[in-house]
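This report covers selected local features of one protein model. It begins with a helix, then turns to a helix pair and a few loop residues.

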Amino acid sequence: MLREYGLYIDGQWRAARGGETFPVHNPATGEVVGQVADARAEDALDAVEAATRAFPEWASRPAKERSEILRRAYDLMVAHRDELAEIMTREQGKPLEEARGEVQYAADFILWYSEEAKRVYGEAIPASHADKRLLALRQPVGVVAAITPWNFPAAMITRKIGPALAAGCTVIVKPAEQTPLTACRLVDLFEEAGLPAGVLNLVATTQPQAVGDALLADARVRKLTFTGSTEVGKILMRKAADTVKRISLELGGHAPFLVFEDADIERAAREVAASKFRNAGQTCVCTNRVYVHESIADTFTAALADVVRGLKMGNGLEPGVQIGPLIDGAAAEKVDRHVQDAVDKGATLVLGGRRHSDVDRGVHFFEPTILANVQDDSVILHEETFGPVVPVQVFRTEEEAVAKANGTPYGLAAYLYTRDLSRAIRVSEQLEYGIVGVNDGLPSVAQAPFGGVKESGLGREGGKYGIEEYLEVKYVSIRL
Ligand code: NAP
């Protein structure tokens with residue numbers, strides 16, 4: 001079924017001003033699954049205009065009303081879970097069961113922030129003078145530009161629009177060019193939930209820089225929230241400086257997974273596989289490197305191979321498939337390069353290692369792969385792989401493990417497996433990461449803070465922290 005969408009601006013689906021559209025492909029088959037209007041800078045400015053006009057009314061609505069609309073949007077997302085999941089699998093490739101999980105995870109942010117909308121409290125501050133009263137008010141930042149990646153086509157959007165809309169901001173979403181259909185269907189559901197015109201706008205485009213520049217240069221846009229690569233995040237951060245916008249950046253990761261000698265080896269192996277092979281390794285919190293104590297390295301690697309050998313690769317719409325395609329040829333080339341480089345430098349290929357590409361159809365799979373004995377200077381230990389490959393290295397001491405884990409400019413998620421409580425606390429505190437999973441390879445939930453340190457980003461999404469990113473504090477001093 002071919003889905004067709006326009007741009008969503010000021011409560012209307014409409015064509016791009018230039019009339020252009022672009023096709024969306026299924027990465028598992030190469031077939032065209034949708035056609036979407038292709039925005040240019042002038043369309044982005046129309047969206048800014050609409051969001052600016054809608055802001056005062058939306059910001060001044062009672063929080064309870066904003067909350068009720070978000071709650072209806074949550075109910076609609078859950079009611080349409082299977083439909084949204086199927087759209088997502090067709091445009092992004094992840095297995096259908098995982099897509100259903102993402103839709104529920106994405107909806108959970110809307111539910112959480114429908115509740116938080118009602119709890120944006122201010123403060124009364126004790127004054128220094130008897131005739132003064134001091135207040136701290138919390139008010140919405142204003143118009144928000146949200147730029148999102150393809151790997152989580154629903155959740156990366158709801159993690160932003162949930163708190164933004166709850167706080168009273170209006171939003172322009174620019175979804176990834178490879179996965180705009182899930183975003184468009186989500187916007188449909190928010191419209192059905194009763195969101196007023198101009199509060200949420202969507203501009204899909206094949207010209208991300210032109211559209212991004214228009215949004216960033218416009219002083220009416222008061223905040224940029226971006227999820228994507230560190231490389232693009234740095235560019236946007238520089239551009240946002242010209243109008244001193246508030247910024248939140250959720251960027252790349254290079255998650256280490258430490259397996260200590262006292263770990264439950266079978267469980268650790270299952271958890272590494274769950275953390276690594278979800279979405280064919282294309283997640284920012286995916287395990288990118290495993291460090292295992294030398295005394296259990298062989299047993300652990302064998303246990304991991306037993307789990308991974310059973311994973312089924314294929315079209316995510318087929319039952320039982322656990323590893324879908326990579327998003328495109330560039331992604332497959334990168335994974336291939338990381339594996340070849342590691343092997344050339346002396347790593348042992350324990351499992352997998354081959355790419356299956358049909359270049360004519362633009363379809364690229366990569367076998368779930370395990371590499372052992374990976375050398376320190378291997379690219380895979382330093383660059384984000386974004387594919388289904390686990391490099392395993394040994395360590396001898398806890399200090400060495402922590403030093404290896406921290407030896408990267410990234411700081412998003414890290415994992416450790418141990419049964420020693422003191423070590424779990426000590427190592428969690430020493431890891432320079434925004435998220436630490438202790439005996440837990442899948443820590444993300446809507447009510448917890450998600451985000452990175454170092455070059456993995458700025459700010460937090462989720463939980464009570466997420467809404468702060470969309471609020472300004474205003475100090476009011478009153479003389480009686
Ligand atoms: P990307 O290339 O940085 O793209 C992200 C978004 O930015 C897309 O919508 C893209 O548009 C847009 N974009 C690209 N260049 C731009 C420019 N010059 N101006 C304005 N917008 C621009 O990242 P990706 O490949 O889609 O996503 C993978 C990356 O995201 C990985 O590094 C991953 O770790 C990271 N990620 C981080 C988190 C987190 O929470 N920290 C979550 C998920 C993903 P196009 O689609 O048109 O290129």
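In helix α13, which spans residues 421-430, the buried residues include R423, A424 and V427. Buried here means under 20% relative accessible area, exposed over 50%, and partly exposed in between, with a 1.4 Å probe and protein chains only. Helices are DSSP runs of H or I with at least four residues, strands are runs of E with at least two, and both are numbered from the N terminus. Viewed down the axis of α13, the buried residues fall within an arc of 100°, so they line one face of the helix. That arc is taken from the directions from the helix axis to the C-beta atoms. L421 and E429 are exposed and sit on the face of α13 turned away from its buried side.

The buried residues of α13 pack against β13 (255-259), α12 (398-406), β20 (413-417) and β21 (435-438). Contact means heavy atoms within 4.5 Å. At the start of α13, a side-chain oxygen of D420 comes to within 3.0 Å of the backbone nitrogen of S422.

The model is predicted: local features need pLDDT of at least 70, side-chain atom pairs count only at pLDDT 80 or more, and totals for chains, interfaces and linings use all residues. Residues are numbered from 1 along each chain as its sequence is written, and side-chain values use heavy atoms, with hydrogens and water left out.

Helix α7 (residues 208-217) packs with helix α8 (residues 230-240) at an angle of about 35°, and their axes are 9 Å apart. Axes are lines fitted to C-alpha atoms, for helices over the stretch in contact, and angles run from 0 to 180 degrees between N-to-C directions. Q209, D213 and L216 of α7 meet L236, K239 and A240 of α8. By class, this contact of α7 with α8 has three nonpolar, one polar and two charged residues. Ala, Val, Leu, Ile, Met, Phe, Trp, Tyr, Cys and Pro count as nonpolar, Asp, Glu, Lys and Arg as charged, and the others, Gly among them, as polar.

Two loop residues have a positive phi although neither is a glycine.

| Residue | Phi | Loop | Relative accessible area |
|---|---|---|---|
| V244 | about 45° | between α8 and β12 (246-250) | 64%, exposed |
| N373 | about 55° | between β18 and β19 | 47%, partly exposed |

S378 lies in the loop between β18 (369-372) and β19 (389-395). S378 is buried, with a relative accessible area of 0%. Leaving out residues up to four places away in sequence, S378 touches D341, A342 and K345.

Note on methods
A polar contact is a pair of N or O atoms within 3.5 Å; within protein, one must be able to donate a hydrogen and the other to accept it, and residues adjacent in sequence count only if both atoms are side-chain atoms.
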